[in-house]
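Biologist: I'd like a close look at a single part of this model, and then a tour of whatever surroundings help to make sense of it. Here is the structure I have in mind.

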Amino acid sequence: MKYSNRSKKSTYGQNFLFNKELLTALLDSCHLQPNDNVLEIGAGAGTLTEILAQRVGKLLALEIDDSLMPYLRALEQKLPNLRCLHCDFMTWDFEEYFRDTPSVKVIANIPYYITTPIYHRLIFSSLPIEELSCMVQLEVAKKIIATPEQKNEYGTLALICRHKYNAEIVRVVVKENFSPVPKVDSAFVRLTRKPEASPVDAADTAYYRLVKASFLHRRKTLLNSLKASGYEGGLVAEALRCLEIQENARPENLRYEDYVKLAESLG
C-alpha cells in the first residue's frame, strides 16, 4: 500500500522516517532477540514496524492517527506476529496488557511533544522493561545522558532515566531524514536496564518524588526548592549535613548517587 502525504495530521506531532537502510542500522544497534516481546509507540505508516516485526517474536504497534491504520492493518495480514492497536498510549493500560509478560522491550519513533511524559510513564511503571530505544529530539537526548558537568541539560530526565537504566546516544539523525522535515535534528537513544534493577518499589517512588521536587524550582537552592515542594526544612537541612552536602548547593550540583542517598535519608 503506497503511503500518501495527505494522511499526516500535524496535531499529532508526527515526523516520519522512511529510510529503510537507516532504520535497519538503528535496529542493528538494539539487543533484539527472536523471542522478544516488543512495544512500538507511534507506528505511523509502518515502515519501522515491518522491519521490526521480522526480527522479534511478538510486536504490538500502537498508533493514534486513524488515517494511518489501513497501512498497519495491511501489515497485520502479512505478519502473523504483529498486532496493531488504534489507541493513545498516554491513556491505554499497557501494564494490564503486558501483565503476564516476563519482559518487554520498547522501540519507537515517539511524538516529540510528549517525549518526557512517555518516558515517565514507562519508567515509573511496574513492567520489567528491559530496553527502551527511542528516536527523540537531539536536545532531549542530551538531557537524558547529561551529568552535572552539563549544567544546562542535567536535570529530572537524566536522573529518572539513570535510576534503572544505562543510557547512550546510539546515533544522531539529521532532520533532513524525516518527512515533514522538523526544525531540529534527532537522536536514537537506547536505555538498557541495569542488571541489578528491581521492580519499582516504595524506595524508588521516594527517589522519583525527590528528584522531581528538587528541580521544580531550579533557580532556588536545593534546600529551598524542597521546602517549597512540601518537604520539612529542618529534616532536609539535617540530611544534607549528614551527607556532607553544602546547604547552599543547587539541584544541578548533586550527582545521581547523592540523590539516592538523600532519598534514603528522607524516606
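Which is Lys105 at its relative accessibility, buried or exposed?

Modeller: Buried: the relative accessibility of Lys105 is just 2%. Bear in mind that this is a predicted model. Its mean pLDDT is 93, with 95% of the residues at 70 or more. The stretch to be wary of is residues 1-10, where the pLDDT falls below 50, although the model gives this stretch 25 contacts beyond near neighbours in sequence. Where pLDDT is low, the predicted coordinates should not be read in detail.

Back to your lysine. Lys105 sits in strand S5. If we skip neighbours within four places in sequence, Lys105 is in contact with His31, Leu32, Gln33, Asp36, Asn37, Val38 and Leu39, and also with Glu130 and Glu131.

Strand S5 (104-109) also has a part in the largest pocket, where S5 supplies at least two lining residues, as do strand S1 (16-17), helix H1 (20-28), strand S2 (37-41), H2 and S3. That pocket has a volume of about 500 Å³. Of its 37 lining residues, Ile41, Gly42, Ala43, Asn109 and Pro111 lie nearest the centre. The lining breaks down into 26 nonpolar, eight polar and three charged residues.

Helix H2 is worth a stop on the way. Thr49 lies in H2, and it is buried, with a relative accessible area of 0%. Beyond four places in sequence, Thr49 is in contact with Glu40, Ala43, Leu59, Ala61, Leu72, Leu75 and Leu82. Leu72 and Leu75 bring us to helix H3 (residues 69-78), where they are buried along with Met69, Tyr71 and Glu76. These buried residues share a side of H3, because they span an arc of only 155° around the axis. They pack against helix H2 (47-53), strand S3 (58-63) and strand S4 (82-86). On the face turned away from that buried side, H3 carries the exposed residues Gln77 and Lys78.

Now for another part of the chain. Helix H7 (residues 156-164) has eight of its nine residues buried, so the rest of the structure largely encloses it. Those buried residues are Thr156, Leu157, Ala158, Leu159, Ile160, Cys161, His163 and Lys164. Their cover includes helices H5 (115-123), H6 (138-145), H8 (202-214) and H11 (256-266), plus strands S7 (165-173) and S9 (186-193).

Helix H6 holds Ala141, which is buried at 0% relative accessible area. Leaving out residues up to four places away in sequence, Ala141 touches Val136, Ile169, Ala187 and Val189. From Ala141 to Glu168 it is 27 residues in sequence, yet 8.6 Å in space between the C-alpha atoms.

There is a cavity too: the structure holds one of 30 Å³ or more, with about 40 Å³ of space inside. Lys164, from the buried set of H7, is one of the cavity's lining residues, alongside Leu122, Ile123, Ser125, Leu127, Ile129, Tyr165, Arg193 and Val200. By class, that lining has six nonpolar residues, one polar and two charged.

Terms used
Residues are numbered from 1 along each chain as its sequence is written. This is a predicted model: local features need pLDDT of at least 70, side-chain atom pairs count only at pLDDT 80 or more; totals for chains, interfaces and linings use all residues. Side-chain values use heavy atoms; hydrogens and water are left out. On a 1 Å grid over the protein atoms alone, a cavity is a set of points where a 1.4 Å probe fits but cannot get out, and a pocket is an open set with protein on both sides within 12 Å along at least five of seven lines; lining residues have an atom within 4 Å of a point. Grid points are joined across faces, edges and corners, and a volume is the space filled by probe spheres set on the points. Ala, Val, Leu, Ile, Met, Phe, Trp, Tyr, Cys and Pro count as nonpolar, Asp, Glu, Lys and Arg as charged, and the others, Gly among them, as polar. Buried means under 20% relative accessible area, exposed over 50%, partly exposed in between (1.4 Å probe, protein chains only). Helices (H or I, at least four residues) and strands (E, at least two) are DSSP runs, numbered from the N terminus. The arc is that of the directions from the helix axis to the C-beta atoms. Contact means heavy atoms within 4.5 Å. pLDDT is the predictor's confidence in each residue, from 0 to 100.
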